[in-house]
Structure formats: structure tokens, C-alpha cells
Amino acid sequence: MGYLKQDSHIFGPNIRGKEPIIRSTLFMGTTSVLPMTKIELPENRRLQVGPTGSVVLVSCGEGDEANIITVGMYMPISIRPPLVCIGIAPQRYSHNLIEKTGEFVVNSPSISIEKEMHYCGVNSARKVNKWEETGLTQLPSLKVNTPRIKECFGHLECKVVNSY
């Protein structure tokens, strides 16, 4: 999946001190303050909580269908309006879930969950429950029905507004 005009929230770390295309929208931002309390960020700081690397964990689906996919194609492309781009091939299970629900969450992982990221990238939710197998925790989102990943430091809750 591709371009996202984000229709959602962003969540992330405390930074005060120092194939098809999908569009969606960012509503609000939050940041983590130790111990992992989420706080809201102003609109002009929302994309700052995005991942520091090029690999993200995208959660998609709802309820028992909720899934996690490791995505290497992620890129912020605009601040106003806030836009990011992700890529998920149409044959992927997650692509179908996003088409079905019109929602997903871009989760910013740290290196501490590297093994879980790898597992989610090489295993299909058609065969395994990645939440159970990795021990990652579903955290309810504020604006979408797709869960966030608690162990990630930042979250962009997205609603699809266009797909190519």
C-alpha cells in the first residue's frame, strides 16, 4: 500500500527536550512519557513521533482478525496536511484487512523488539496469530478500531481515504 493522508492520531516518545497507494488523516498526536504514558501532541509535532528508521510495524484488522505486518516501505511526504506513504503488496493478508476496514496503525518500534519485528515480517497471519506468537500487546486506539502495539513508542492511527 502506498500514500497515506492520515486521518488519525499519532503517538510517540517524549520529544519535548531535545503497490496501491492509500491515503488517510491524522487527528491528534500523543507521546510516551516514562513509564509509557501516552500524551497528546499538537498538530505541528505529529510526524515527529514517526519511526527513526525505515521499518515500521503496521497493525490492521479488528478483533480476532487483528494482525501485524512488518513494513519496510514507509515515508513521511507532507506536514500540512500530514501525509505518510506505506507499501503493502495486494497479495498480503494485511492488504485485504486494510481494504476491508479502511483503517490501520503505523507503529514505531524500537530495536528492543527486533525479534518480534522479524517474526511479523516472515510469517503470515493466514497461518499464525502474530499477537500470541510474539507476545506483543494490543492497545486500544483512540480514533480507529485497529489496535496499536503497546511495546512501540509511537503510533499513527490512520483511516484510508483513497487507494491506488
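**A salt bridge as a way into the structure**

The side chains of E65 and K100 form a salt bridge, with a nitrogen-to-oxygen distance of 2.8 Å. E65 belongs to the loop between β6 (56-60) and β7 (67-71), while K100 sits in helix α1 (residues 93-101), so the salt bridge ties together parts that are 35 residues apart in sequence. E65 is partly exposed because its relative accessible area is 33%. K100 has a relative accessibility of 58% and therefore counts as exposed.

The model in which this pair appears is a predicted one. Its protein contains 3 helices and 14 strands. Of the 164 residues, 49% are buried. The protein exposes about 8100 Å², and carbon and sulfur atoms supply 51% of that area.

Confidence in the prediction should be considered before further details are read. The average pLDDT of the protein is 76, and 67% of the residues score at least 70. Over residues 1-34, pLDDT stays under 50. For this stretch the model has 178 contacts beyond four places in sequence.

The discussion now returns to charged pairs. How many salt bridges are there in the structure? The count comes to 2. Besides the pair of E65 and K100, the side chains of R148 and E157 meet in a salt bridge, at 3.6 Å from N to O. Both R148 and E157 are buried, whereas K100 is exposed.

A further residue to examine is T146, which is found in the loop between β11 (138-139) and β12 (148-149). Is T146 buried or exposed? T146 counts as buried because its relative accessibility is 0%. A polar atom of the T146 side chain lies 3.3 Å from the backbone oxygen of G61. Apart from its neighbours within four places in sequence, T146 is in contact with S59, C60, G61, E103, F104, V105 and S141. G61 thus appears both in this list of contacts and as the holder of the backbone oxygen mentioned above.

Another loop, between β10 (103-108) and α2 (114-122), holds S110. This residue has a relative accessibility of 27% and so counts as partly exposed. The side chain of S110 makes a polar contact with the side chain of S112, at 2.7 Å. When neighbours within four places in sequence are left aside, S110 is in contact with M117 and F153. In addition, the C-alpha atoms of S110 and C152 are separated by 6.6 Å, although these residues are 42 residues apart along the chain.

C152 leads to the matter of cysteines. A disulfide is a covalent bond between the sulfur atoms of two cysteines. How many disulfides does the structure hold? The number is 0. C120 is in no disulfide, and the nearest cysteine sulfur, that of C152, is 9.3 Å away. Likewise, C152 is in no disulfide, and its nearest cysteine sulfur is that of C120, 9.3 Å away. For a disulfide, the two sulfur atoms would have to be within 2.5 Å. C120 is buried, since its relative accessible area is 1%. C152 also counts as buried, because its relative accessibility is 0%.

Notes: Residues are numbered from 1 along each chain as its sequence is written. This is a predicted model: local features need pLDDT of at least 70, side-chain atom pairs count only at pLDDT 80 or more; totals for chains, interfaces and linings use all residues. Side-chain values use heavy atoms; hydrogens and water are left out. Helices (H or I, at least four residues) and strands (E, at least two) are DSSP runs, numbered from the N terminus. Buried means under 20% relative accessible area, exposed over 50%, partly exposed in between (1.4 Å probe, protein chains only). Accessible areas come from the Shrake-Rupley method with a 1.4 Å probe; for residues, only the protein chains shown count as cover. pLDDT is the predictor's confidence in each residue, from 0 to 100. Contact means heavy atoms within 4.5 Å. A polar contact is a pair of N or O atoms within 3.5 Å; within protein, one must be able to donate a hydrogen and the other to accept it, and residues adjacent in sequence count only if both atoms are side-chain atoms. A salt bridge is a side-chain nitrogen of Lys or Arg within 4 Å of a carboxyl oxygen of Asp or Glu.
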